[in-house]
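Hello! Here are a few notes to read with the model open beside you. Take them one at a time and find each residue as you go.

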Amino acid sequence: MEVLQEILKQIPVALGQFLMNYGIIALVYFLVWKLFKKRLQNWRIQLKERVDAKQIKSEIINSLFTLTVSTFFVMLIYFFKSAGYTKIYTDINEYPIFFAFGGFFFFLILDDTWFYWTHRLLHHPRIFKYIHKVHHNSVDVNPFTSLSFHWAEALLLTFWILPVSMVFPMYVPALAILQIWGFIDNLKSHLGYEFFPSWWNKSFGKLMTSSTHHNMHHSKFNGNYGVHFRIWDRLLGTEFKDYEKTFDEIQKRKKGSI
């Protein structure tokens with residue numbers, strides 16, 4: 001009974017977090033797509049805007065399913081943690097310090113790897129139309145697209161946390177930082193505008209994806225599957241050959257608008 005009560009307490013926490021994230025998404029949409037739209041017109045990745053009220057409405061509805069699944073998954077993880085089946089911990093002294101400070105980087109690479117292969121699986125012709133098509137209905141992406149998924153995809157993309165937590169110690173603050181990183185990266189990927197500077201792909205940033213990188217996945221479909229890093233796409237030849245050229249062309253447009 002105590003475990004059940006503790007699990008139920010997580011519902012308002014999960015709801016509050018989702019609403020806060022959605023508030024950030026709505027604010028970014030208002031600022032970038034409405035308030036500064038004219039000033040940032042040359043920063044747009046797809047010059048032909050195809051986002052309309054119907055698309056936004058559909059994305060918001062899809063997000064409600066994402067909310068439901070995310071809340072359920074948080075409760076499921078908390079149940080396994082309360083029952084002693086996971087190695088999720090809050091006391092930094094419970095495990096060697098490496099797991100507290102090195103865990104985030106390990107989780108980030110694991111999350112990127114899981115996303116890449118799951119993403120490619122969801123593009124299989126026999127699966128795509130049932131699940132991933134919901135997300136790809138948004139060809140011209142915007143901040144609201146970042147949470148517009150089929151409920152099964154929302155579960156699949158984060159499911160790795162449960163089995164990994166059963167064998168690998170997970171420090172809660174490290175998981176929280178990963179969650180924040182993932183939210184920002186996801187929002188960036190679906191921004192519809194390129195805010196990274198022109199030198200990005202000529203520095204350490206070359207390893208990481210940009211808004212242009214994922215935007216091209218929505219507009220060209222088969223390629224650029226990675227979420228955090230470009231590593232898997234480059235290793236397996238699934239990155240669009242004209243990605244960096246497209247990125248540089250957008251930068252030239254941006255300079256012309258200053």
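**Notes on the model**

1. I92 is partly exposed, its relative accessible area being 27%. Here, buried means under 20% relative accessible area, exposed means over 50%, and partly exposed lies in between (1.4 Å probe, protein chains only). You will find I92 in the loop between strand 1 (88-89) and helix 3 (97-101). Helices (H or I, at least four residues) and strands (E, at least two) are DSSP runs, numbered from the N terminus.

2. A word on the source: this is a predicted model, where local features need pLDDT of at least 70 and side-chain atom pairs count only at pLDDT 80 or more, while totals for chains, interfaces and linings use all residues. Residues are numbered from 1 along each chain as its sequence is written, and side-chain values use heavy atoms, with hydrogens and water left out.

3. Now compare two positions. I92 and D52 are 40 residues apart in sequence, and their C-alpha atoms are 48 Å apart in space.

4. Next, look at F36, in the loop between helix 1 and helix 2. Is F36 buried or exposed? Neither: F36 counts as partly exposed because its relative accessibility is 34%.

5. Finally, turn to the largest pocket (an open set of points on a 1 Å grid over the protein atoms alone, with protein on both sides within 12 Å along at least five of seven lines; lining residues have an atom within 4 Å of a point). Its lining has 49 residues, and Q17, S70, T158, I161 and Q179 lie nearest the centre. Helix 9 gives the most to this lining, with 11 residues.

Definitions and conventions. On a 1 Å grid over the protein atoms alone, a cavity is a set of points where a 1.4 Å probe fits but cannot get out, and a pocket is an open set with protein on both sides within 12 Å along at least five of seven lines; lining residues have an atom within 4 Å of a point.
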